[in-house]
Amino acid sequence: MYQQQDSTHTAHPAAASLPQGEQLQGFRVDSQHVQAPAKPLTPYQVLRQLPADATPAQQDSAIQAVFHRENTHLSTRPDTLYLPGHDVGKDPREVNLPQYYRETFFSNDTLLHPEISGGRYGVAGDPVPYTIRGDNTITTLLLLCFIVSMISFARTHGFILRQAKDFFAVPHSGLTTEVTETTSEFRFQFFLGAQTCLLAAIITFFYVQERIADTFILRSQYMMIWIFFGCYLGYFLLKAFLYAIVNWAFFDKKSNQTWQKSLLFLTCVEGVVLFPLVLLLTYFNMSMQNVIMYATIVVVLTKLLVFYRTHIIFFRQNSAFLQNILYFCALEIVPLFSLWGILVTIVDFLKINF
């Protein structure tokens, strides 16, 4: 029966390389069991002599006990690696700053704390003003409108030519055959009507930004454009509703249908004519005076065409020119001035007064 030796008195093989009386973490080295190694051990050999369950701290203690770190000293010899005719190179360890950098007028002031950051130096520049030209959302929207308009025009060009031909023709009451529009043609007209509202909203936003104010209480510029878009959309829908009520009370069903088609066609044409104006205003810096003249001419021509169309549809047979003027003023001029007043009120409410 063998008697188990105490680990505190039994030297581990790794302790053979340790000095006499040296004690590792978890190991006691007895001077009687220390033997001088034949050759220096490597760190790998020292770690292999430790038990398999030795902790990292014990491994580090064994390495430090065997291998002693020696202090290294930088060379004090002068540097001779410089070109002939040039001064001796500067010692990289010399970090002394000039006197005018180290001492200032406030060096002895107790309130001076250079360790505290004082913020950014200089004056902040003026922010870049908002332009629709640099707005990717509006540019994408205009490009989408152009692409969809071209595709729709390519598919329904026959319908457009027929509408333009019938617009100036005098309707005959005895005509029984009538060409009706398809579903795709109606969708095309409604899309152009919405495009008219959007283009008018962009033009209004340009006018307000240049002539009235460029800062509003809204956070986004898109909100102003969509508010104007909603105003124009409500204007066209309200006008169509008023026309439907008045025409239903005073005129026959066929004349009402003819006028509704003519009104929708005029709205679509107005949007198509305004599209080049928006492009010139957005990307070619067209002057606002020319924009106002262009838009005014488009609106006046549209109203004249409305007046002509209502005359040949409703009042041509009765020769009621005065009634046509009253009809035109009540359903065209009054809603137009009401829209202008609403837009002015909205802008006055949303702009920031300094």
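**Group meeting: a walk through the helices**

Hi everyone, let me start with one pair: helix H9 and helix H10 are oblique to each other, because of the angle between them. By the convention here, angles under 35 degrees are roughly parallel, over 145 roughly antiparallel, 65 to 115 roughly perpendicular, and the rest oblique. H9 covers residues 288-315 and H10 covers residues 321-350, and the two pack at about 140° with their axes 10 Å apart. The axes are lines fitted to C-alpha atoms, for helices over the stretch in contact, and the angles run from 0 to 180 degrees between N-to-C directions. Helices (H or I, at least four residues) and strands (E, at least two) are DSSP runs, numbered from the N terminus.

Please keep in mind that this is a predicted model, in which local features need pLDDT of at least 70, side-chain atom pairs count only at pLDDT 80 or more, and totals for chains, interfaces and linings use all residues. Residues are numbered from 1 along each chain as its sequence is written, and side-chain values use heavy atoms, with hydrogens and water left out.

Back to our pair. H9 passes H10 in a right-handed crossing; that is, the near helix is turned clockwise from the far one by less than a right angle, and anticlockwise would be left-handed. On the H9 side, the residues in contact (heavy atoms within 4.5 Å) include Val299, Phe307 and Phe314, and on the H10 side they include Phe321, Tyr327 and Leu336. By class, this contact has 10 nonpolar, 4 polar and 2 charged residues. Here Ala, Val, Leu, Ile, Met, Phe, Trp, Tyr, Cys and Pro are nonpolar, Asp, Glu, Lys and Arg are charged, and the others, Gly among them, are polar.

Next, the whole chain. The protein chain has 10 helices and 2 strands, and the two strands come before the helices along the sequence, in the pattern β-β-α-α-α-α-α-α-α-α-α-α. Of its 354 residues, 31% are buried, meaning under 20% relative accessible area, with exposed over 50% and partly exposed in between (1.4 Å probe, protein chains only).

How far can we trust it? The average pLDDT, the predictor's confidence in each residue from 0 to 100, is 78 for the protein chain, and 76% of the residues score at least 70. Helix H7 (residues 221-250) has the highest mean, 91, while strand S2 (residues 27-28) has the lowest, 46. Over residues 1-34 the pLDDT is below 50, although that stretch has 45 contacts beyond near neighbours in sequence in the model. Where pLDDT is low, the predicted coordinates should not be read in detail.

Now a second pair. The axes of H6 (residues 183-212) and H8 (residues 253-283) come within 7 Å and cross at roughly 40°. That angle makes H6 oblique to H8, and the crossing is left-handed. Their contact holds 15 nonpolar, 7 polar and 2 charged residues.

Which residues does Gln195 touch? Leaving out residues up to four places away in sequence, they are Cys145, Ser149, Gly271 and Phe275. Gln195 sits in H6 and counts as buried, because its relative accessibility is 5%.

Pro276, in H8, is partly exposed at 38% relative accessibility. From Pro276 to Leu199 is 77 residues in sequence but 9.9 Å in space, C-alpha to C-alpha.

Last stop: Asn285, in the loop between H8 and H9. Asn285 is exposed at 58% relative accessibility, and its phi is near 55°, a positive value in a residue other than glycine. Thanks for listening!
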